[in-house]
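Visitor: Hi, I'm new to this one. Could you walk me through it?
Guide: Sure, let's put it up and start where the chains meet.

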Amino acid sequence: MTDDAAFWHRVQFAFTITYHYLFPQLTMGLAWFLVAWKWLHLRTGEAGYGQAARLWARIFGINFAVGVVTGIPMEFQFGTNWAGFSKYAGGVIGQTLAMEGMFAFFLESAFIGALVWGDKRLGPRSHFLAALGVAMGSWMSGYFILVTNAFMQSPKGHAFAANGSLRIASLRDFLLNPWALIEFCHNQAAALVTGSFAIAAVGAFYVLRGADRKQGLLFLKWGTAVGLFASLLVAYPTGDAQAKMVAVHQPAALAAMEGRFQSGPMADITLIGQPNVQKRQLDNPIRLPGMLSYLAFGTFHSDVPGLGAFPEDTWPTNIELLYYAFHVMAGLGTLFILLMAVATLQWLRGRLESSRRLLWVLMLAFPFPFIANTAGWMTAEMGRQPWLIYGLFRTRQGYSEAVSSGEALFTLIGFAGLYFVLGLVYLFLVGREVIHGAGKSGAPGAGEVGPV
Amino acid sequence: MAELWYAILCLMITLFVVLDGWDIGAGALHFVIAKNQDERRIVIAAIGPLWIWHEVWLVGTAGVLFMAFPQAMAVAFPAYYLALFLVLWTLLLRGISLEFRGHIPSDLWRAFWDFVFVVSNVVLALVLGAAIGNVIRGMPLKPDTPFSLPLFTDFGTRGAVGLLDWYTLSVAVFTLVCLCAHGASYLALRADGEVYRRAKILTKWLWPCTAFLLLLVSLGTYHVRPELFTAMAGRPTAWTMLVLLTGAWAAIFTALRSGAETRMFFGGCALIAGLLGAAAASLFPVMLYSTINPAYSITAYNGSSSASSLRAAAFWWPVAFALALLYVSFIAKYYSGRVQTSQDTHHPY
């Protein structure tokens, strides 16, 4: 395996994209909070909203910068590591990658500097517009990337060129791929979950420590309310629609996600169990009978094919990991709804501030949406295997033949080292901003001496 | 259609080099031009607000290359695998140093990131120049044989070449000096105080150096690819670029004499645009030139996507281009004139 170049190309892309996406999901999740607070500050003039926006804009700036610098390698890796794929599909997926740069990145990048550092210079109205521009840019960028991914999951709008590569047949069909629309709603709702959990966690921290209590309560209120709403959206209707889409377009992936080897009606959903691919069974399963049939096709009696119904060379290549990723995502998603429902209920009863145990849970819960988002993407991408473009082009055909396994491993190690240090500095800077608090003017350490 | 996308690609690269070029140049001169934290803050504040927008032209260029010329990208990127990762990691360090330095008001913290910032900008300018040199010189391209280029071989420009040879190195050094001159012109326009004074002095040295090195590099180019100069004679686009170049030099040298900062700055922009434009016009239609046999070269015609993909993109690209300029014109007015660091919220930039 170690001298298999294809394997290291996959690991490098998986590692760099997973690491990268930790940042944009928070960017996209926080962006609309900033817009809302800037708007309320503009309308009501209440200082609390202004302070909230300023603290989160600073955190947003650090987060955005890491998102930018880890994102640029992603685009280049299509050419460096996946030349076969680029040659085959560049005419189609190059469209959305170029559109992302041209439509979304120019919008975000024009306003990000002004959003983070320019509120004095721009004045409240233009500064609000800057926040709006960044928010729209970041969500637009998400859409273009999801269209790209949707094409790989369920290709639409393409035709074959004379040399066998793909070309655009209908830009409309390609851009409005139903998979993309549903995946976008599901993914953006999940990004909002990440953002609201982060805000709720900082709120809980401020209330628990006793300083910045007023800001803490504001963050708790917004974080839990939006968190409940977004967690519900992730499950229904977006997650439900996504699962139905997988059932229709990638039945083998659905079977592997549920560890289902035999076909038949009244398909169960598995709550606990470990897939045993060698014996073609689930070990120690705990199941809900009929639920999978119901969730995938709307009736308990629908026939849900198991992996046995498909030739083995079209099975996802890592069934165990796919199964665990899917169950981690779905399990965490359910827990998020419960947690945020309890928190919102306590808020409505006026008891959230005094429920210290719940505040502890909220404070420590913020990493889990990152895990759930990552697990969700692992489900999507491993479910797609062994295809790079579902049904058209296999992953094995896509990598750069000119690049050896050693070179790929070398750059992978380079990324790992660089990203480790980057992560440390990121946590240090964000942690510093959070501990410094929202109420005081200026950045941490700046004191009251004004510009340095 | 392929011609149009070749032109769009060249336009985007040119915009990247002109716009981000002044950030890179000013960044490379950071230690020379700004001696203490107050002065360094002026340099950072002159670059800070829009550097990401400038860098997006590179990201956009990569996207357009991917969409319009996937064959060219699929050959060139693996061939320059390790060099490209050097660029990506350097871009990462440059971005991080610019964005992180302001967050902690400590001299040690800032001195560290300033150092990272200077080194990454110098490396970027050199690698960018070497890349342009490689495009002009060509690479050992054979049909259907993926290859990867060594860092250097015998420093010759024929046959089995490496990434670096005497020619590509000379282009790299020229690019560094030219971008430094461009960056100094930018700071002469935007900074005040000591930074302004030093920027003015540096332009007086750097632009003549650029002119001298350009002469050497042009002689080198004539030695490596003489046919480019004969091709130029038959191409009106190349003539306009040469006119632009002449005008640019006239603007720069009269401005050096009279001290007109705006004219010098735009002269520098026109110079870079003219150089890249002249190179692009004389290279056309070849994108990746084969040093083994020119017939193996990848051109805008045999390296492009099919016509339907190019046509589809021709509908949306102009809209996106216009919007990109609209956004920046909205924000740039807040940052025009000489840098006033007291205007920025909190402390950084």
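Visitor: How many residues does each chain give to the contact?
Guide: Chain B gives 63 residues and chain A gives 65. Two residues are in contact if their C-beta atoms, placed from the backbone, lie within 7 Å. A heads-up: this is a predicted model, where local features need pLDDT of at least 70 and side-chain atom pairs count only at pLDDT 80 or more, while totals for chains, interfaces and linings use all residues. Residues are numbered from 1 along each chain as its sequence is written, and chains are lettered from A and ligands numbered from 1 in the order in which they are written.

Visitor: Which helix of chain B supplies the largest share of the side that touches chain A?
Guide: Helix 13 of chain B, with 13 residues. Helices (H or I, at least four residues) and strands (E, at least two) are DSSP runs, numbered from the N terminus.

Visitor: And how do the residues on that side of chain B divide?
Guide: There are 44 nonpolar, 17 polar and two charged ones. Here Ala, Val, Leu, Ile, Met, Phe, Trp, Tyr, Cys and Pro count as nonpolar, Asp, Glu, Lys and Arg as charged, and the others, Gly among them, as polar.

Visitor: Switching to chain A, what is its secondary structure?
Guide: Chain A has 13 helices and six strands. Strand 3 (residues 269-276) and strand 4 (residues 281-288) of chain A pair in the antiparallel sense over six bridges; strands pair if DSSP finds at least two bridges between them.

Visitor: Which residue is the bridge partner of A:Ile269?
Guide: A:Leu288, in strand 4 of chain A. The hairpin has four residues between the strands, and A:Arg280 takes a positive phi near 55° there.

Visitor: How much of chain A is buried?
Guide: Of its 452 residues, 55% count as buried. That takes 20 or more other C-beta atoms within 10 Å of a residue's own; 12 or fewer is exposed, in between is partly exposed, and C-beta atoms are placed from the backbone.

Visitor: Back to chain B, which residues of helix 11 are buried?
Guide: Among them are B:Ala238, B:Met241 and B:Ile252. The buried residues of helix 11 of chain B pack against helix 9 (193-224), helix 10 (226-233) and helix 12 (261-283) of chain B.

Visitor: What follows that helix?
Guide: Helix 11 of chain B is followed by B:Gly259, with a positive phi near 80°.
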